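Take a moment with the sequence and the fold below. Then follow the text from strands to rings, charges and a pocket.

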Amino acid sequence: MYDEEQPDESDDSLPGLGNADDVIIPNDEKQKKKRKKILLEEAKKARNRGVCYLSRIPPQMDPVKLRQVLSQHGEIDRIYLVPETKQQLPQQVNRKKAGDFRGQGYEEGWVEFTNKRVAKRVAHMLNGEQMGGRKKSSFFYDIWNIKYLSKFKWEDLTEEIAYKHALQQQKLVMVNSAAKKEKEIYMDKVDKSNGLNAIEERRKKKQKIQEQGSAEQQEPKVIRHFRQTRPVKDDSAQPKSQMSRNVLAGLFCGK
């Protein structure tokens, strides 16, 4: 009874599925087609986009405000503004002294419209005109400096930015390498100078010791002279000898 109630788990109970590869391959083909379709659509959109160049950005203008102003004339996709570098710092200092805007400023910028016809029309319409907007805005009296870039794509801009960044990094590496080399040369000279100073000190010390030794050897020997009294002449021996001779002569002569 148990064998009859147990369900059959063999491969025959799953008809029509086949191998796993037969199921995955169609899904991969669908995904590939879908991706290809998306890429073609993106490529078509990219070909239809237009880029405008702004040679001057007002002090208080930022990407958000620029998008708000230009969105009134057409649909915008991407915006890129170049921040002020160290070379433009004197301008910031002058603005601070004058009590003007002290925030982040921008040198130039690029705006990408979704339609190149709109981008061309906006550049032709706004170039040389007053920015306008609210009268209280700081850039109300500024002039638009905008130009449509024919046959220019956003990829060209990214390549240029990457190229400039690579040049900047290469220049930074060269500057660091030169500074490191100068430091090594300086430290080498310092070590050599310290070594020469130590040799000179040892030479002077040795010369001083030699001079002291030679001075001791060349010093003349001191001969001390003490004053002495002359000895008294003793004449007592002579009379005694004469007396003895007289006595002997008297003795022998008397015989």
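What follows is a walk through selected features of this model, which is predicted.

Start with strand 1, which spans residues 50-54. Is this strand mostly covered or mostly open? It is mostly covered, with 4 of its 5 residues buried. Strand 1 pairs with strand 3, residues 106-113, and the two run antiparallel. That pairing consists of 5 bridges. Within it, C52 has V111 of strand 3 as its bridge partner. Strand 1 also pairs with strand 4, residues 146-149. Here too the sense is antiparallel, and 4 bridges make the contact. V51 stands opposite L149 of strand 4. Keep one general point in mind when looking at the side chains. In a regular strand they alternate between the two faces of the sheet.

Now turn to the aromatic rings. A pair of aromatic rings is described by the distance of the centres and the angle of the planes. How many aromatic pairs does a search of the whole structure find? The search finds 2. One of them joins Y53 and W110, with 5.3 Å from centre to centre. Their planes stand at 50 degrees, and the pair is tilted. Y53 belongs to strand 1 and W110 to strand 3, so this contact links distant parts of the chain, 57 residues apart. Y53 counts as partly exposed because its relative accessibility is 21%, and the buried class stops under 20%. W110 has a relative accessible area of 8%, so W110 is buried.

W110 also meets Y80. Why is this pair called stacked? The planes of Y80 and W110 lie at 25 degrees, so the pair is stacked; the cut-off is under 30 degrees. The ring centres are 6.2 Å apart. Y80 sits in strand 2, residues 76-83, while W110 sits in strand 3, so the pair ties together parts that are 30 residues apart in sequence. Y80 is partly exposed, at a relative accessible area of 28%. Taken together, Y53, Y80 and W110 make one aromatic cluster.

Charges come next. Side chains of opposite charge can pair when their charged atoms come close. A search of the whole structure yields 6 salt bridges. One of them joins R49 and D77, whose closest N and O atoms are 3.5 Å apart. Where do the two partners lie along the chain? R49 is in the loop between helix 2 (21-48) and strand 1, and D77 is in strand 2. The pair links distant parts of the chain, 28 residues apart. R49 is buried, with a relative accessible area of 15%. D77 counts as partly exposed, at 28% relative accessibility.

R56 and D142 form another salt bridge, at 3.3 Å from N to O. R56 lies in the loop between strand 1 and helix 3 (63-70). D142 lies in the loop between helix 5 (116-126) and strand 4. They are 86 residues apart, and the contact links distant parts of the chain. R56 counts as partly exposed at 36% relative accessibility. D142 is buried, with a relative accessible area of 16%.

Helix 6, residues 154-218, holds both partners of a further bridge, R203 and E200. The side chains of R203 and E200 meet at 2.4 Å, N to O. Because they are 3 residues apart in the helix, about one helical turn separates them. R203 counts as partly exposed at 43% relative accessibility, and E200 is partly exposed with a relative accessible area of 31%. Elsewhere, salt bridges that share partners join R49, D77, R78 and E112 into one network.

Last comes empty space. Rolling a probe the size of a water molecule over the atoms shows where such space is left. The second largest pocket has a volume of about 390 Å³. Which residues lie nearest its centre? They are V69, G133, R134, S137 and F139, out of 17 that line this pocket. Helix 3 gives the most to the lining of the second largest pocket, with 3 residues. By class, that lining has 5 nonpolar, 9 polar and 3 charged residues.

Key:
Residues are numbered from 1 along each chain as its sequence is written. This is a predicted model: local features need pLDDT of at least 70, side-chain atom pairs count only at pLDDT 80 or more; totals for chains, interfaces and linings use all residues. Side-chain values use heavy atoms; hydrogens and water are left out. Buried means under 20% relative accessible area, exposed over 50%, partly exposed in between (1.4 Å probe, protein chains only). Two strands pair if DSSP finds at least two bridges between them. Rings of Phe, Tyr and Trp (its six-membered ring) pair if their centres lie within 6.5 Å; planes under 30 degrees apart count as stacked, over 60 as edge-to-face and the rest as tilted. A salt bridge is a side-chain nitrogen of Lys or Arg within 4 Å of a carboxyl oxygen of Asp or Glu. On a 1 Å grid over the protein atoms alone, a cavity is a set of points where a 1.4 Å probe fits but cannot get out, and a pocket is an open set with protein on both sides within 12 Å along at least five of seven lines; lining residues have an atom within 4 Å of a point. Grid points are joined across faces, edges and corners, and a volume is the space filled by probe spheres set on the points. Ala, Val, Leu, Ile, Met, Phe, Trp, Tyr, Cys and Pro count as nonpolar, Asp, Glu, Lys and Arg as charged, and the others, Gly among them, as polar.
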